[in-house]
Amino acid sequence: MKRINELFDVEEDFKILSLHSDSRYVGKDSIFFCVEGLSTDGHKYADDAVFQGAKCIVHSKPLKREYPGVLYIQVNDVLAELNRVANIFYDYPSYKMTVFGVTGTSGKTIVSLMIRDVLGHYIRMGYMGTNDSQFDNRIVHSPYTTPEPIYLHRTLNEMVKANVKGVSLEVSSYGLTLHRVDSIDFDVAIFTNLYPENLDFHGTLENLMRAYAKLFIRLDEKNTVILNADSVVFNHYLQTNEVIKAKIITYGIEHHADIMAHDIREFIDHTEFILLLDGHMFDVSVPILGGFNVPMVLALIAALKSMEMPLEQIVEALQYIKPIDGRMELLETNQPFDVLIDYCAYIHSYKNIFKFARKVKRGKGRIIAVFGPSGSRNDEREAEIARLANAYCDQVILTEQDGRIDNIQEACEKMQKYITKPVSVIITNRRIAISQAIELACKDDIILILGKGHEQFMASSLSNIPYPGDKYVAKSAIDMIFRGGNEDEI
């Protein structure tokens with residue numbers, strides 16, 4: 001709780017119990033911020049907020065009506081005020097922890113969770129991102145990869161109360177553009193990579209880079225920026241357009257960097273490479289799969305180095321890396337075939353995984369892929385993924401990926417037109433599709449279940465539909481088919 005005159009320079013003095021930017025959740029003695037969003041304008045709901053108990057309305061446009069007993073504060077930028085007030089209301093939580101911000105097109109989840117897992121052996125750590133908010137043995141659903149400021153500060157404050165000393169935070173390009181982290185005090189900012197994705201939102205690659213750069217230019221001399229030396233285009237953008245005041249640590253494989261990896265060796269259940277760090281070489285083995293994920297491990301090492309961890313301790317700490325839920329996750333099946341589950345958010349993710357499977361496949365084993373059209377309504381994206389399947393897969397089962405598609409059969413048929421080489425079938429029910437893939441599997445086959453990763457819901461335009469998750473469905477199918485389990489579990 002705060003007093004209103006602690007949050008704004010006003011003479012009024014009354015208690016504030018909560019902050020809101022969504023009128024549906026407004027309660028008694030609260031502040032409602034009339035934020036102009038992408039799809040709606042909060043000013044339309046000012047009256048609703050008052051009826052539900054708001055004592056203060058923060059707005060930037062004239063309102064049709066003002067009610068007695070309610071404080072109306074007009075500002076130039078409601079979102080800027082929301083960031084400022086949320087930070088004060090929740091007692092500046094990010095200033096009380098070491099905050100790692102991870103941005104880039106892909107790899108944010110892997111890097112953030114590896115930081116959480118490894119540093120978690122030394123201090124109490126939290127995480128916030130695509131895989132929800134995790135701290136103190138709790139998992140709290142997160143509505144976005146980078147949540148809006150009220151959720152962000154409230155959750156960080158809960159972490160502080162739970163004695164969390166550090167947090168790894170996924171910072172999306174959307175979150176940066178929409179000013180969701182403007183009032184977060186970052187200590188370390190990490191860049192993973194740049195791909196021409198999300199351009200439906202940003203418009204151009206330059207706009208995308210400008211969004212990413214916001215995270216790095218805000219840090220000062222006491223902070224650390226970690227950059228991927230192989231992301232040449234983004235590094236050139238920073239050098240020519242922005243000024244970085246923080247200390248810089250670089251990592252890479254193809255280009256010279258402070259932290260490098262050579263002689264990368266890929267296996268179905270782990271990855272090995274030679275680590276070059278501070279003039280020394282080390283043989284490293286990690287349970288993170290795919291050579292394309294080695295840069296993510298190097299980013300983790302850079303994060304440990306930014307904490308001034310001694311060299312020997314950094315190398316020792318790598319033993320605490322764990323496989324990431326739904327990210328190149330190899331299921332324990334005790335079967336002569338392998339099952340890999342991955343979130344696969346982008347086209348390049350499909351290519352990386354298909355290439356990996358082809359490289360580690362044993363003998364005459366086949367690659368059986370289960371995936372489907374997303375709700376993005378991007379026909380070219382679906383066509384490109386289908387063409388990649390032509391190049392790498394032996395069999396494809398097209399199925400539902402979320403509930404936002406009105407006619408999943410029609411969407412799968414459209415995607416199937418581009419699949420010309422492998423045998424392909426459409427099974428719209430995802431549970432049955434996964435079960436069918438496992439029933440088809442023979443010795444040395446690799447089954448790729450792609451598109452959902454850790455998710456335990458089917459997204460829809462109205463609400464999320466419960467779904468047990470690809471991992472559970474796959475394990476239940478294996479149990480039913482090979483061990484005589486209960487078919488109703490699938």
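A residue counts as partly exposed when its relative accessible area lies between the 20% under which it would be buried and the 50% over which it would be exposed. Aspartate 394 fits that middle class, at 27% relative accessibility. With that yardstick in hand, let us walk through this predicted model.

## Overall build

The protein has 16 helices and 25 strands. Its radius of gyration is 24 Å, close to the 23 Å that the globule rule gives for 490 residues, so the protein is as compact as a globular protein of that length. Taken along the principal axes, the C-alpha atoms fill a box of roughly 80 × 55 × 40 Å. Of the 490 residues, 56% are buried. Contacts across the sequence also deserve a look: among those between residues at least 6 apart, 64% join residues at least 24 apart.

## A parallel sheet

Strands of a sheet pair through backbone hydrogen bonds, either parallel or antiparallel. Here is a parallel case: an open sheet of 4 strands, in the order β3-β4-β5-β6. Its edges are β3 (18-20) and β6 (71-74), each of which pairs on one side only. From one strand to the next, the twist averages 20°.

Inside this sheet, β4 (residues 30-33) and β5 (residues 54-59) run parallel and are joined by 4 bridges. One point of pairing to look for is phenylalanine 32, whose bridge partner in β5 is isoleucine 57.

## Salt bridges across the chain

The model holds 29 salt bridges. Three of them are set out here.

| Pair | Closest N to O distance |
|---|---|
| Aspartate 29 and lysine 55 | 3.8 Å |
| Glutamate 36 and lysine 61 | 3.1 Å |
| Arginine 358 and aspartate 394 | 3.6 Å |

Take the salt bridge of aspartate 29 and lysine 55. Aspartate 29 lies in the loop between β3 and β4 and lysine 55 in strand β5, so the pair ties together parts that are 26 residues apart in sequence. The two ends sit in different classes of accessibility: aspartate 29 is buried, with a relative accessible area of 8%, whereas lysine 55 is partly exposed at 24%.

Next comes the salt bridge between glutamate 36 and lysine 61. Glutamate 36 belongs to the loop between β4 and α2 (46-51) and lysine 61 to the loop between β5 and β6, and the pair links these distant parts of the chain, 25 residues apart. Glutamate 36 is partly exposed at 47% relative accessibility, and lysine 61 is partly exposed at 32%.

Further along the chain, arginine 358 forms a salt bridge with aspartate 394. This pair links helix α12 (residues 347-360), which holds arginine 358, to the loop between α13 (379-392) and β21 (395-398), which holds aspartate 394, over 36 residues of sequence. Arginine 358 is partly exposed, with a relative accessibility of 31%, and aspartate 394, as noted at the start, is partly exposed at 27%.

Salt bridges also form a network, which links Asp338, Arg362, Lys443 and Asp444.

## The buried side of helix α9

An α-helix has 3.6 residues a turn, so residues three or four places apart point the same way. Helix α9 (residues 232-241) is a good place to see how burial is arranged: Phe234, Asn235, Tyr237 and Leu238 are buried there. These four cover an arc of only 155° around the axis, which puts them on the same side of α9. The elements that cover the buried residues of α9 include β12 (188-191), α8 (205-217) and β13 (224-228).

## An antiparallel hairpin

Strands β16 (residues 271-277) and β17 (residues 280-286) run antiparallel and are joined by 7 bridges. Isoleucine 274 has aspartate 283 as its bridge partner in β17. The hairpin of these two strands has 2 residues between them, and aspartate 278 takes a positive phi near 50°.

## Threonine 145 and its surroundings

Threonine 145 is found in the loop between β10 (138-140) and α5 (149-161). With a relative accessible area of 23%, threonine 145 is partly exposed. Leaving aside residues up to four places away in sequence, threonine 145 touches Lys108, Met128, Gly129, Thr130, Glu170 and Ser172. As for glutamate 254, 109 residues from threonine 145 along the chain, the C-alpha atoms of the two residues are separated by 29 Å.

How values were computed. Residues are numbered from 1 along each chain as its sequence is written. This is a predicted model: local features need pLDDT of at least 70, side-chain atom pairs count only at pLDDT 80 or more; totals for chains, interfaces and linings use all residues. Side-chain values use heavy atoms; hydrogens and water are left out. Two strands pair if DSSP finds at least two bridges between them. Axes are lines fitted to C-alpha atoms, for helices over the stretch in contact, and angles run from 0 to 180 degrees between N-to-C directions. A salt bridge is a side-chain nitrogen of Lys or Arg within 4 Å of a carboxyl oxygen of Asp or Glu. Buried means under 20% relative accessible area, exposed over 50%, partly exposed in between (1.4 Å probe, protein chains only). The arc is that of the directions from the helix axis to the C-beta atoms. Contact means heavy atoms within 4.5 Å. The radius of gyration is taken over C-alpha atoms; the globule rule is 2.2 Å times the number of residues to the power 0.38.
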